[in-house]
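Could you walk me through this structure, starting from a single side chain and working outwards to the fold as a whole? I would like to follow it with the model open beside me.

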Amino acid sequence: METLTNADGIFKVQGNDSEIGWINPKVNILHNCNDDTKECWRKVVIYVPKAFISESATPEKIFDIGTLNLDAELPGEARDCLN
């Protein structure tokens, strides 16, 4: 699933699927904040903790990633030239 932030930088992602075993959902944030002159996107990956994965189509808990300052270099940040 792909989504964009609104004017305030807020976004919501929700999905469901039938799986055998555990899934390992993640949020990939691709951006070019303070980086317009360099090739490829800056990429930050945030994994959704297992406590926020439910078996029903309606989430039982909401995972709030909080506020991220994308101007700063975040831990684990990389470059993504494919998206």
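Let's start at I46 in this predicted model. Setting aside residues within four places of it in sequence, I46 is in contact with K26, V27, I29, F63, I65 and L68. Keep this list in view, as several of these names will come back.

I46 also belongs to the largest nonpolar core, a group of six residues made up of V27, I29, V44, I46, L70 and L74. At least two residues of this core come from β1 (26–31), and at least two from β2. As a general point, nonpolar side chains in soluble globular proteins tend to be buried together. Over the whole protein, 16% of the 83 residues count as buried.

Now step back to the strands. The protein has zero helices and three strands, and along the sequence the pattern reads β-β-β. These strands form an open sheet in the order β1-β2-β3, with antiparallel pairing. At the edges are β1 and β3, each of which pairs on one side only. From one strand to the next, the twist averages 40 degrees. If you would like to trace one pairing in detail, take β1 and β2, which run antiparallel to each other over six bridges. A handy place to look is L30, which stands opposite K43 in β2.

Next, come back to F63, one of the contacts of I46. How many aromatic pairs are there in this model? The count is one. The partners are F52 and F63, whose ring centres lie 5.1 Å apart; their planes meet at 50 degrees, so the pair is tilted rather than stacked, a label kept for planes under 30 degrees apart, or edge-to-face, which needs over 60. Both F52 and F63 sit in the loop between β2 (41–47) and β3 (78–80), 11 residues apart.

Are these two rings buried or exposed? Each falls in between: F52 is partly exposed, with a relative accessible area of 25%, and F63 is partly exposed as well, at 28%. Buried would require a value under 20%, so neither phenylalanine qualifies. F52 has a further neighbour in K61, which lies over the face of its ring at 4.8 Å from the ring centre.

Finally, zoom out to the whole chain. The C-alpha trace spans about 45 × 25 × 20 Å along its principal axes. Among contacts between residues at least 6 apart in sequence, 46% join residues at least 24 apart.

Definitions and conventions: Residues numbered from 1 in each chain as written. Predicted model: local features only at pLDDT ≥ 70, side-chain atom pairs only at ≥ 80, totals over all residues. Heavy atoms only, no water. Phe/Tyr/Trp six-rings, centres within 6.5 Å; stacked < 30°, edge-to-face > 60°. Helix = DSSP H or I, 4+ residues; strand = E, 2+ residues; numbered from the N terminus. Buried < 20%, exposed > 50% of the residue type's maximum accessible area, 1.4 Å probe, protein only. Lys NZ or Arg CZ within 6 Å of the ring centre and 35° of its normal. Core = buried A, V, L, I, M, F, W, Y, C linked by side-chain atoms within 4.5 Å. Contact = heavy atoms within 4.5 Å. Pairing = 2+ DSSP bridges. Axes fitted to C-alpha atoms, helices over the stretch in contact; angles between N-to-C directions.
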